[in-house]
Amino acid sequence: MKNRPLAFQIWIVFAGILLLISVILAVLFPMIIRQFFTTEIYTTIESEQQVLTESRFPQEEGDKRLQEQFGAPDRSVRHILLPLDASVIFYSGPLPNAFIAKSREEALEQNDVSARYSSYVEEERIFYVIRKVKADNQPAYLLSYVEDSYLDNLTFTLFRQLGLLMLLVFVLSWIPSLVLAKYLSKPLVHLQRHVKRLSKQEWNDPVDVHRKDEIGDLGHSIEDMRQKLVAKDEAQRTLLQNISHDLKTPVMVIRGYAQSVSDGVFPKGDLSSTMAVVEQESEKLEKKIKNILYLTKLDYLSRRELPVEHIQLDRLIEDVTERLRWTRQEVEIQSRLQAVSIEGDTEQWVNLLENVLENQLRYAKEELAIELFEQKGNAILIVANDGPQLEDEEAKRLFEPFHKGKEGGQTGIGLSIVHRILSLHHGNITIENQAETGVFYRIVVPKVRQSQSLPPKKN
């Protein structure tokens, strides 16, 4: 059934529930009705007996008086008055003598004044009540009975009425069940069309579902996914454009210089200076390609378990600082590093520190300050320079891939890599202007890596 349309499934469920209720009622209703009316039959018989005994078995005039007092007698109840101590049974009526004899024995053994019985007479069940009375001051018993056919007719009549009612309800319920099925399936069909369009990358049409139930939540989730797909598509387009633009420039320079050298022309005056330019552009191209590949690698690692290593962060900063110090020897680097250790991936932290320090050294004028300390269970790294300050709008876009800023960076990927690495380590980075001049980076990362919240490892 799961391969059928949803509207058909809902209709079938409704029809099945109604059918099950009908079957249960068809089984239980006759039993309940018979039990109820059996009790009512005994009550009717006893009421009739009470009327007879109180009237001392009246004749026609007495019957009229009783009818006025108690109402008309129930003609389905039949009465037989028999002596209790007679050794010979004098009876001629519809009941067999064997049953009369049996009822006399039951009356003799009966301790109460009145008692209820049931028995079969010629394959027909009868319900009867035996009441001990006195007739002409002699002990006797009043046998009052009703045939089972009366109960069967009554039960059948009620059951037939109930059956007709259930059939009417069953037929009429199909209409609201069909309407409900279409009402519930219509928005799902609408969402299905949107999802199909999304699978074909046709995601410019927004998903509008004016509901607040679970279907509405599903529609809002699909709309959120659509917006993220649109943003991701735009980011990919921008990324490809930036990659092609950034790689095209050094390639064109290298190709132009190589062509000039092959023609015997040296744009920089001599072969050595010309080839130096080619080498510089080659290094830039190589670095850009490495950064692009590393950024892709970080995207892959974001879906894997991060390797856990014990990192002495202060020593790692010292090592990276010493290697980069020579690039700007005129800049004084001041370090205040506390002994702080964290857990994470050493390779990624080396890459992060290199990008941060290279970026800060590039814009520093005379001084670069590095400070590392521990605060509330977090490792805090602050790197500040005395270079030009950032505009507020510029600071918001520094972590976008290939955004180089107004001063112009080298690749525009370094800070994106820093941001991705900190995300993997559950840390964050903020970039702000200092009070008078310069910019400082503030990096916060937990000392103990929160491995329980990392993405699950995939095989």
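**Fold, cores and aromatic contacts of the predicted chain**

Of the contacts in the chain between residues at least 6 apart in sequence, 66% join residues at least 24 apart. The model is a predicted one. Its secondary structure comprises 10 helices and 11 strands. The chain has 459 residues, of which buried residues make up 37%. About 28,800 Å² of the chain is exposed, with carbon and sulfur atoms supplying 54% of this area.

The largest nonpolar core contains 40 residues, and Trp349, Leu352, Leu353 and Leu381 have the most contacts inside it. At least two residues of this core come from each of the helices H6 (271–301), H7 (313–324), H8 (346–363) and H10 (414–424), and likewise from each of the strands S8 (367–375), S9 (378–385), S10 (428–433) and S11 (439–446). With residues up to four places away in sequence left out of the count, Leu353 touches Leu316, Ile317, Val320 and Leu381. A second core, separate from the largest, is made up of 16 residues, among them Ala115, Tyr117, Val121 and Ile130.

Helix H8 also holds Asn355. The relative accessibility of Asn355 is 12%, below the 20% limit, so the residue counts as buried. Apart from residues up to four places away in sequence, Asn355 is in contact with Gly414, Ile417 and Val418.

Helix H3 spans residues 97–109, 13 residues in total, and its first and last C-alpha atoms lie 18 Å apart, close to the 18 Å expected at 1.5 Å a residue. The buried residues of H3 are Phe99, Ile100, Ser103, Arg104, Glu106 and Ala107. Viewed down the helix axis, these buried residues fall within an arc of 165° and therefore line one face of H3. On the face turned away from this buried side, H3 carries the exposed residues Ala98 and Glu109. The packing partners of the buried residues of H3 are four strands: S1 (78–83), S2 (114–121), S3 (124–135) and S4 (138–147).

Three aromatic pairs were counted in the model. In one of them, the rings of Phe99 and Tyr128 have centres 5.1 Å apart and planes at 85°; the angle is over 60 degrees, so the pair is edge-to-face. Because Phe99 belongs to helix H3 and Tyr128 to strand S3, this pair ties together parts that are 29 residues apart in sequence. Both Phe99 and Tyr128 are buried. Tyr128 also pairs with Tyr117, in a stacked arrangement with 5.4 Å from centre to centre and 15° between the planes. Tyr117 lies in strand S2 and Tyr128 in strand S3, so the stacked pair ties together parts 11 residues apart in sequence. The relative accessible area is 19% for Tyr117, which is thus buried, and 0% for Tyr128, which is buried as well. Through these ring pairs, Phe99, Tyr117 and Tyr128 are linked into a cluster. Within this cluster, Tyr117 is also one of the residues of the second core.

Lys182 is located in helix H4, which covers residues 148–199. With a relative accessibility of 59%, Lys182 counts as exposed. The C-alpha atom of Lys182 is 9.0 Å from that of Phe8, although the two residues are 174 residues apart along the chain.

Positive phi values were also examined. Most residues other than glycine have a negative phi. Lys376, which is not a glycine, has a positive phi near 55°. Lys376 is placed in the loop between S8 and S9, two strands that each supply at least two residues of the largest core. At 81% relative accessibility, Lys376 counts as exposed. A positive phi, about 60°, is likewise found at His426, again not a glycine. His426 lies in the loop between H10 and S10, and its relative accessibility of 26% makes it partly exposed.

Notes: Residues are numbered from 1 along each chain as its sequence is written. This is a predicted model: local features need pLDDT of at least 70, side-chain atom pairs count only at pLDDT 80 or more; totals for chains, interfaces and linings use all residues. Side-chain values use heavy atoms; hydrogens and water are left out. A nonpolar core is a set of buried Ala, Val, Leu, Ile, Met, Phe, Trp, Tyr and Cys residues joined through side-chain atoms within 4.5 Å. Buried means under 20% relative accessible area, exposed over 50%, partly exposed in between (1.4 Å probe, protein chains only). Contact means heavy atoms within 4.5 Å. The expected span of a helix is 1.5 Å times one less than its number of residues. The arc is that of the directions from the helix axis to the C-beta atoms. Accessible areas come from the Shrake-Rupley method with a 1.4 Å probe; for residues, only the protein chains shown count as cover. Rings of Phe, Tyr and Trp (its six-membered ring) pair if their centres lie within 6.5 Å; planes under 30 degrees apart count as stacked, over 60 as edge-to-face and the rest as tilted.
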